[in-house]
Amino acid sequence: MKKSKILIVSDMCGYGKVAAAAQMPIFSYMGHDVFTLPTMLISNTFPYGKYAIMESTSYIKEALEKWEELGFRFDAITTGFMASEEQAQMVAQYCRKQAARGTVVFVDPVMGDYGKLYGGADERTIACMREMLRVAHLCFPNYTEACLLTDMPYHEEGITSEEAEELVDKVRKIGARSVIITSCIVNGEHAVVGYNHYSDTHFLLPYEEIPVAFPGTGDIFSSIIVGRLQDGDMLKNATRYAMDMLHHWIDMNKDNEDKNRGIPIERHLSEL
């Protein structure tokens, strides 16, 4: 089977398995060729409370110019956190050009969770992510991010299946063709909800939550889906597979002393 050239456009963490540091080993193990464009460098994951950050807007601008001159092409691009509106506009423009040449664009609009924006994020961050969604073939917001993107109210107690479908459709109206929304409570159950534009179908996949928090689980989830889609799998099946694999990995590591590092992905790659 022909494997894909996948470009990861996201932040790079030095200590902890999140963002590009989580995606790279998964894509590589699945046999895809992996390339990176860091939106910023982070010394360690945020839960440690102290960290160093260096954003890379000027580097991205120059790198994309050189890549255009060299004629580099990718089969798929995945995007995550954007450090500024300028970054989002540059990356979105690049994705748009690549998509016109056949590249599939996957967008994770990283900006919040549990009903709130992450520290340092604001209304400009929401605008950045809406810009990215306009070039997405598939996007992966969590429930909080979907509400922020669509100006819908966040309900901690959960929503109905009808409200979940409405939320998915509102995300689609921003521009994404297919949508997966994670971390939902639907009709009293934890669930992932989605829409596949190829089959014009909505789906809802329930799961049992394990009450423990690891940074980077969303990056693991989306990477497994992207890797399987690039291998020819169908969206609903790839989503269910990623949910089950992630649930298993969380369960295997739920007693780890230092959860701020994220899940030690390399120990589990052989299970993919």
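Helices (H or I, at least four residues) and strands (E, at least two) are DSSP runs, numbered from the N terminus. The model here is predicted, so local features need pLDDT of at least 70 and side-chain atom pairs pLDDT 80 or more, while totals for chains, interfaces and linings use all residues. Residues count from 1 along each chain as its sequence is written, and side-chain values use heavy atoms, without hydrogens or water.

**Exercise 1.** Place Phe46 and say how accessible it is.

*Solution.* Start with the chain: Phe46 sits in the loop between strand S2 (33-44) and strand S3 (53-55). Next, look at accessibility: buried means under 20% relative accessible area, exposed over 50%, and partly exposed in between (1.4 Å probe, protein chains only). With a relative accessible area of 40%, Phe46 is partly exposed.

**Exercise 2.** Work out where Thr103 lies, whether it is buried or exposed, and what its side chain contacts.

*Solution.* First, find Thr103 in the loop between helix H3 (85-100) and strand S5 (104-107). Then check the cover: Thr103 is buried, because its relative accessibility is 3%. Finally, look for a partner: a polar atom of the Thr103 side chain is 2.5 Å from the backbone oxygen of Phe74.

**Exercise 3.** Describe the phi angle and setting of Asp151 and of Ser183.

*Solution.* Begin with the usual case: most residues other than glycine have a negative phi. Asp151 has a positive phi, near 60 degrees, and lies in the loop between helix H5 (143-150) and H6. Asp151 is exposed, at 64% relative accessible area. Ser183 also isn't a glycine, yet its phi is positive at about 60 degrees. Ser183 belongs to strand S9 (residues 178-186) and is partly exposed at 39%.

Technical notes: Polar contact = N/O pair within 3.5 Å; in protein donor to acceptor, adjacent residues only side chain to side chain.
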